[in-house]
Each structure stands twice: as C-alpha cells, then as structure tokens.
Amino acid sequence: MRRIRLLVFNAALGVLDYREPEGLTLEYGSVVVAPLGPRQIIGIVWEAERLNTKEVPDTKLRAVLEVLPVPPLSAELRRLIEWTADYYCAPMASVARMALASSAALRGGGTTTEYRLTGVEPARLTPQRAAALDALQGEQGSIRELAELAGVSEGVLRGMVGAGLLESLVIDCDRPYPAALPDFTQPQLSDGQAQAAQVFVEAVRSGGFTPFLLDGVTGSGKTETYFEAVAEALRRNRQVLVLLPEIALTENFLRRFEQRFGAPPILWHSSLKASERRRAWRAIVRGEAQVVVGARSALFLPYAHLGLVVVDEAHEVSFKQDDGVRYNARDVAVIRARFEKAPVILASATPALESMQLAEAGVYKRIELPDRFGGAQLPEIAIVDLRSEVPERGRWLAPRLVEEMKVRLGRGEQSLLFLNRRGYAPLTLCRHCGYRFQCPNCTAWLVEHRFSSRLACHHCGHETPVPDACPECGTPDCLVACGPGVERIADEVGELLPEARIAVVTSDTLNSREAVGNFVAQAEEGAIDVIVGTQLVTKGYHFPELTLVGVVDADLGLEGGDLRAGERTYQQIAQVAGRAGRGEKPGDVLIQTRHPEAAVISALASGDRSAFYEAETQARREAGAPPFGRWAAIIVSSEDQAEAQSAARAIGGTAPRHPDMLVLGPAPAPMALLRGRYRYRLLINARRSAELQRYLQEWLKPLEFPQGVRVAIDIDPYSF
Ligand code: ADP
Ligand code: ZN
C-alpha cells in the first residue's frame with residue numbers, strides 16, 4: 001500500500017492522507033478526487049516529506065477515487081506554490097487554487113454548453129422574461145452568466161429554454177487558437193532598441209533564469225523591444241506570460257501584438273466567460289497556448305513549458321493583491337521565472353525603488369532606453385504655483401493652464417487633464433446644517449456622480465440617488481459639492497472652452513472593451529479636443545496630437561503621510577506627463593501644486609529622476625522601509641468594533657520580544673471601516689535579514705479568536 005499525501009482545496013483542512021488505489025499509480029502533481037465523509041474533494045498529490053500533517057494509521061486510510069484528466073502540476077509550479085504560501089503566510093490550498101483556476105473546468109471535459117436567444121418572440125411574456133429578452137440580445141454564455149447579465153434568476157432562464165426562447169449550443173473548448181508567428185512582420189528597431197532586444201533574445205535562446213529591469217523613458221518603445229524576446233520564445237516553442245496591470249486597457253496592446261505576430265495573444269483575467277477560461281486553461285496546461293497576456297492571476301497557471309515572463313508597467317500598484325492571498329505579482333513573477341529557469345523582464349519608465357535597488361546591486365540586469373522612439377522629445381515640464389496663480393473663484397484650473405488649452409484648441413491639438421478622482425465631487429454637504437454624506441459601510445464620504453445622479457462609495461460600491469433635500473434637516477436644494485472630481489473639471493472646461501469636444505475617461509465611462517475601443521478611435525481621429533481622466537489615462541495610450549498635459553492637483557496623492565506617497569505621486573505624474581508630445585509635435589506639461597518645494601515636484605520639474613530616487617532612498621533608509629528594512633501588517637477585522645479592537649489588543653499584547661522587530665499599534669487601519677468591517681492594524685518593522693515570516697507564524701499560530709474576527713497578514717504591504 002502506498003500512502004498518498006494530498007493538498008486539498010480547503011484551507012481549513014489543508015493536508016490529508018489517503019492511499020493509492022489498486023491498479024492506479026499516482027504521480028506527484030496529479031489532480032485527484034478523494035472521499036471526505038460522504039462528500040468528495042479535489043486535491044493535488046504532493047511529496048509527503050514537504051507537507052506536515054497528523055499521521056493517520058495505515059488501516060484508516062481511504063483510497064483516492066480517481067485522477068482527473070489534466071496533466072500533473074509540474075515540480076516547478078509546486079515549488080512556486082510552496083514558496084508563495086511560505087513567503088506571504090498564506091494557506092497553500094489558497095495558492096494552489098489560483099493554479100487550477102476553477103475545479104469545474106477540471107472535471108468537465110473539452111466541451112461546455114452555452115445559451116443564446118432563439119429569436120422567437122411570443123405575444124405574451126412575463127415581465128422577467130421580457131427583461132431577459134431585452135438584455136440578452138446578441139449575448140451568449142452559461143445560464144449563470146446570462147442570469148447575471150439579465151438580472152433574473154437562473155430558474156427564469158431555464159424556463160425560457162423549456163419554452164424555446166433560449167437555445168443551447170455545444171462549445172468546443174479544445175479548438176485551437178490562431179498561431180502567433182514570430183516573423184509575421186519585421187520591425188525596424190532603433191539602434192538602442194536593437195541592442196536591448198539582442199540581449200533579451202540571447203537570454204531566451206540560452207534559457208536559464210536572468211532577471212532584467214527594462215528601464216526606458218515613456219515612449220522609448222519598450223514594448224517593441226521585448227516583443228523580440230517574445231518572438232524568440234515563439235521560435236523555440238516556449239510559452240510566454242505577459243503580465244499587464246489593467247486588463248481593460250489592453251486594447252491598444254492587443255492591436256500592436258496582432259500587428260507584430262499576426263494573431264492575438266490569449267487573454268486571462270477575472271471577467272473571462274467560463275468557456276473562455278476553460279479553453280485558455282486547457283491550452284495553457286497542454287502547452288498549446290503560446291503567449292498569455294493577463295492580469296496578476298495568470299501568474300500561477302500551469303504552463304507546460306514557460307520560456308519567458310514579462311511584467312509590463314512593473315511599478316504598478318495593481319500588481320499587489322489586497323485580499324485573499326496578499327501577494328505582489330511583480331515579485332512572484334521573478335520567483336516563478338527562477339523556478340522555471342527562464343528570463344524575466346520587468347519593464348517600466350518609473351521603476352519602484354525596490355527594483356532600482358536590485359538593479360543597482362547587480363541582482364537585476366538593467367537595460368536602458370534613454371530616448372524616445374523616432375526622435376520624439378520628452379515634454380517640457382513646468383510648475384503652476386496655485387498660491388500665486390489662483391484659479392477664478394469656484395474654479396480649479398489656473399489661468400495659465402486655461403490659456404495653454406486655448407492655444408492647443410486653436411491649433412487642433414489635444415489636451416489632457418489628469419485628476420485622480422472619479423465623479424463630480426469627493427464630498428457633498430448640506431449648506432444649511434453641515435450634514436455630510438458618509439458611506440454606511442466604510443470610512444469614506446460618498447462621491448457625487450452627476451452623469452448617473454447618484455452618490456457612490458468607491459470602496460464598497462454602496463449607491464444612493466442624490467436626494468432633493470437634506471436627509472438631516474430637510475432643507476430642499478441645499479446640497480453643495482466640495483472639491484473637484486473629473487466630472488466637475490469637465491464641466492469647467494465646457495464653460496471655459498464651449499467649442500471643445502470633451503471626453504471624460506474613468507472606470508465609470510470606459511467600462512467595457514467597446515467603450516475603450518471607441519474612445520481610442522475617437523482620440524486618434526482627432527474627434528476629441530480635451531481628455532479629462534483619472535489614472536486610467538496615465539499609461540499605455542499613444543495619441544500623436546496630444547501636446548498638453550495638465551495635472552490638476554499634484555498634491556492630492558501626497559496627503560496622508562504614507563511613506564510610499566512620494567513614489568506613487570512621482571510615478572503617476574511622470575506617467576501622465578509621458579502621454580504628451582509622443583508624435584512629431586513637442587509636448588508641454590503643467591503641474592498645479594501648492595507645494596512646489598516638495599522633493600517629488602521639484603524632481604519632476606527639473607526632469608532629474610535621480611534626484612527623486614536619491615531623496616526617496618534617503619527617506620526610506622531613515623524609516624527602515626524597503627529595501628532597507630521590511631514591513632508587515634496584521635489586519636484584524638470584525639463586524640463588531642469592540643470585538644475587532646479587543647482582538648487587535650490581544651495580539652499586540654502577545655508580541656514576542658525580538659531584537660530585529662519593532663511592533664507598532666494596534667491602531668485603526670487606514671480604512672477603519674471597510675465593507676461593513678471594523679479594521680485595526682499592527683505594523684511590524686523588521687531588519688532586512690530578519691526571519692519575519694517565522695516570527696509572525698510563531699506569534700500568531702497559538703492565538704485563538706472569536707468566530708467573527710478575521711486576522712490577515714500582509715507581507716510587504718503597499719502602504720506603511
Ligand atoms: P513605451 O512603452 O516605452 O512608453 P511604446 O512601446 O508604447 O513605448 O512605444 C511608443 C510608440 O513608438 C508606439 O506608438 C510604438 O508603436 C512606436 N514604436 C516604438 N518602437 C517602434 C519601432 N521600432 N518601429 C515603429 N514604431 C515604434
Ligand atoms: Zn462603502
């Protein structure tokens with residue numbers, strides 16, 4: 001009898017022992033079904049010596065039931081799962097689940113069923129069926145997906161299938177993807193690009209782990225450069241993973257990819273349909289998927305033979321996951337490449353300080369592209385000091401910025417105004433009694449959205465219509481908007497430049513691939529004069545007629561005292577500035593601020609990036625912050641405030657003394673109330689060499705908490 005140790009998909013159970021059934025040989029990494037009481041669970045066969053569990057006597061072991069028809073997870077991927085769980089203090093089961101993506105896909109075979117309208121329109125319909133008929137025009141998907149789209153129950157749709165209003169279609173999830181061809185086009189690279197590409201191609205050719213930092217200014221053509229490495233991987237029949245921060249923004253990327261390789265890459269992100277997800281997963285695990293472009297969750301997929309990993313816009317915050325397994329996809333990408341013995345390219349115009357430091361230390365190979373492609377110049381950056389250049393009363397744009405916009409409009413060029421605030425105004429209050437609209441679930445004001453006439457919380461999604469009267473004192477028409485959001489700035493532009501065609505670009509307006517496509521097409525055709533947008537417009541776009549960028553409020557991100565605030569502000573402004581003057585016409589950037597003396601702002605104005613990194617390095621060194629020391633956060637939450645607070649205090653009270661650790665708090669977390677849960681935070685500052693994870697495990701493991709309390713560990717938290 002052979003004992004089989006399974007990592008099962010249940011974080012609470014974790015590891016369970018079974019025995020190998022007669023006549024079946026189980027490999028490490030095989031995905032199997034096993035009995036658990038009267039139920040069945042899915043698990044992965046693991047090396048027993050690498051997982052601890054309570055040993056069950058041989059006689060009590062039950063047999064594994066069946067092996068699912070998918071290739072076993074490779075040893076490299078199993079090591080990655082172990083590493084991630086260890087480093088981020090997360091349950092291995094939760095990490096493994098990201099690799100398998102969906103157990104339904106594993107159990108089902110190569111086909112699935114989708115539904116669509118038949119076109120039959122009966123004379124009489126229930127209101128729900130009528131609503132579904134309306135909502136599902138041109139749609140196709142599983143019953144669950146269609147039910148969600150139409151806002152009706154699955155039962156209603158099943159009834160419609162029975163009545164012949166919906167028909168089923170069998171979807172073949174194993175149909176091949178069109179092949180990407182390494183030499184579909186031959187790009188003309190600049191000398192700098194060609195040199196960089198050569199280094200990457202060589203690294204892919206020889207294989208082995210080499211981490212690169214592709215440090216190139218905005219518009220230098222980093223994408224075209226790493227495409228050559230992708231081409232080489234294609235020639236060698238190795239798979240490529242490209243991680244991108246915001247999948248909604250990939251339209252432009254996809255088009256460029258297709259132009260270069262003659263076929264689109266395979267997409268992986270959270271809003272894929274179930275059938276697309278299954279198709280992609282199966283192609284990935286079989287090694288047929290050549291290039292996968294995805295959000296951070298694509299990182300853990302079971303690639304059969306990964307030959308290159310690229311993380312584009314590697315400095316982006318969205319690579320850090322902030323719930324479930326709290327990992328940083330940029331860092332795990334490097335680890336994955338190490339286990340797979342493959343090169344990894346981190347591309348950015350504004351690398352994170354941690355990445356810069358690793359390049360300086362020689363751990364990453366730095367490849368620089370200091371010039372813009374095609375001789376385009378970097379934009380001129382100037383400061384508008386709002387203390388002396390005061391906008392008109394009730395306005396937010398300084399006269400100089402407005403003048404410059406008028407000049408662009410006269411020349412038929414585009415302007416872009418950047419303000420990282422969705423909606424009309426960040427705070428709405430009653431002019432009569434001072435009542436402020438606050439989210440019932442979060443420590444946040446409700447943001448007025450004029451397009452949709454609603455007040456919305458940007459943290460939990462709570463929404464309510466804008467009332468006609470104050471809910472507190474009942475005075476009608478008494479609400480005033482405080483401060484600007486992009487919608488308000490757009491109104492102001494409309495008043496100042498009535499003939500300008502304005503586009504507001506936020507996640508509210510660009511909420512589908514179609515909307516993104518329309519916006520890009522209009523902007524490229526010159527059908528838009530002024531773009532007003534949030535951080536969605538800071539990256540990726542290339543509009544040749546865009547010659548002016550205005551940063552409405554550079555100080556916004558500097559509030560709050562977070563140690564990363566400077567870096568974040570620098571990156572955002574440098575990225576948005578990088579949208580200006582990418583074509584033949586030079587660009588200008590005006591930064592509105594009340595703190596022109598701040599290190600970030602003056603470094604931006606003088607174009608002296610190294611001055612910024614030096615100041616930032618100094619501040620981090622003094623604070624013992626990364627990369628000089630390490631931080632971890634313990635977040636304790638409960639729906640009951642007293643319960644959360646007392647649990648947090650109990651944790652604080654048991655902190656073991658350690659010469660390398662400094663424990664701060666507990667204090668209310670930055671979002672003290674989030675989605676109905678009260679949150680307290682302890683921060684741990686550790687020396688760089690300290691065994692932080694072990695310390696945390698030993699501290700927290702023996703502690704027990706009431707049912708409603710959740711304790712989450714965040715290693716390398718984004719804000720500290
Ligand atoms: P980055 O990502 O470094 O900001 P991009 O890769 O977006 O820069 O390139 C900037 C622009 O220059 C894009 O429009 C791109 O198509 C163009 N470009 C870059 N390299 C080349 C090349 N070798 N041939 C033609 N166009 C290029
Ligand atoms: Zn909320």
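## Overall fold, two cysteine clusters and some backbone oddities

The protein chain works out at 20 helices and 29 strands. Everything described here comes from a predicted model. For 720 residues, the rule for a compact globule gives a radius of gyration near 27 Å, and the protein chain comes in at 27 Å, so the two agree. The C-alpha trace runs to about 85 × 70 × 65 Å along its principal axes. As for burial, 43% of the 720 residues fall in the buried class. Contacts reach well along the sequence too: of those between residues at least 6 apart, 74% link residues at least 24 apart.

Next come the cysteines. An unreviewed UniProt entry carries a "binding site" annotation on C430, C433, C470 and C473. These positions stretch over 44 residues of sequence, but no two of their C-alpha atoms are more than 8.6 Å apart, so they gather at one spot. Two of the cysteines, C470 and C473, sit in the loop that runs between strand 20 (463–465) and strand 21 (479–482). What does the neighbour count say about C470, buried or exposed? C470 has 20 other C-beta atoms within 10 Å and is therefore buried, given that the buried class starts at 20. C473, in contrast, has 12 such atoms and is exposed, since 12 or fewer is the cut-off for that class. So one loop supplies this site with a buried cysteine, C470, and an exposed one, C473.

The contacts tie that loop back to the other half of the site. With residues up to four places away in sequence left out, C473 touches C430, H432, C433 and Y435. C470 is in contact with those four residues as well, and its list also takes in T475, C478 and L479.

The unreviewed UniProt entry also places a "binding site" feature at C439, C442, C457 and C460. Here the sequence span is 22 residues, and no two of the C-alpha atoms are more than 8.7 Å apart, so this set gathers at one spot as well. C442 belongs to the loop between strand 17 (427–430) and strand 18 (447–449), while C457 is in the loop between strand 19 (454–456) and strand 20. Both come out as buried: C442 has 21 other C-beta atoms within 10 Å, and C457 has 20.

Which residues does C442 touch, leaving out those up to four places away in sequence? Its partners include C457 and C460 from the annotated set, along with H459. The rest of the list lies much later in the chain: M671, L673, L674 and R675. C457, for its part, contacts C439 and C442, plus N441, A444, L446 and H462.

R675, one of the C442 partners, turns out to have an unusual backbone as well. Its phi is positive, at about 45°, even though R675 is not a glycine. R675 lies in the loop between strand 27 and strand 28 (677–687). With 16 C-beta neighbours inside 10 Å, it counts as partly exposed. D716 is another non-glycine residue with a positive phi, this one near 50°. D716 falls in the segment after strand 29 (710–715) and is likewise partly exposed, with 19 C-beta neighbours inside 10 Å; the buried class would need 20.

The model also has cis peptide bonds. One joins P626 and P627, with omega about 5°, and P627 is in the loop between helix 18 (609–623) and strand 26 (629–638). Another joins G665 and P666, with omega about 15°. In that case the proline is part of a strand: P666 is found in strand 27, which covers residues 661–674.

Finally, there is helix 16, made up of residues 565–577. How many of its 13 residues are buried? The count is 12, so helix 16 is mostly covered. Polar and charged names appear on the buried list, among them E567, R568, Q571, Q572 and Q575. Also on it are G566, Y570, I573, A574 and V576. The helix geometry checks out too: at 1.5 Å a residue, 13 residues should span 18 Å, and the end C-alpha atoms are 18 Å apart, which agrees.

How values were computed
Residues numbered from 1 in each chain as written. Chains lettered and ligands numbered in written order. Predicted model: local features only at pLDDT ≥ 70, side-chain atom pairs only at ≥ 80, totals over all residues. Helix = DSSP H or I, 4+ residues; strand = E, 2+ residues; numbered from the N terminus. Expected span 1.5 Å × (residues − 1). UniProt positions renumbered as here; feature names shortened; annotations may be inferred. Contact = placed C-beta atoms within 7 Å. Rg over C-alpha atoms; globule rule 2.2 N^0.38 Å.
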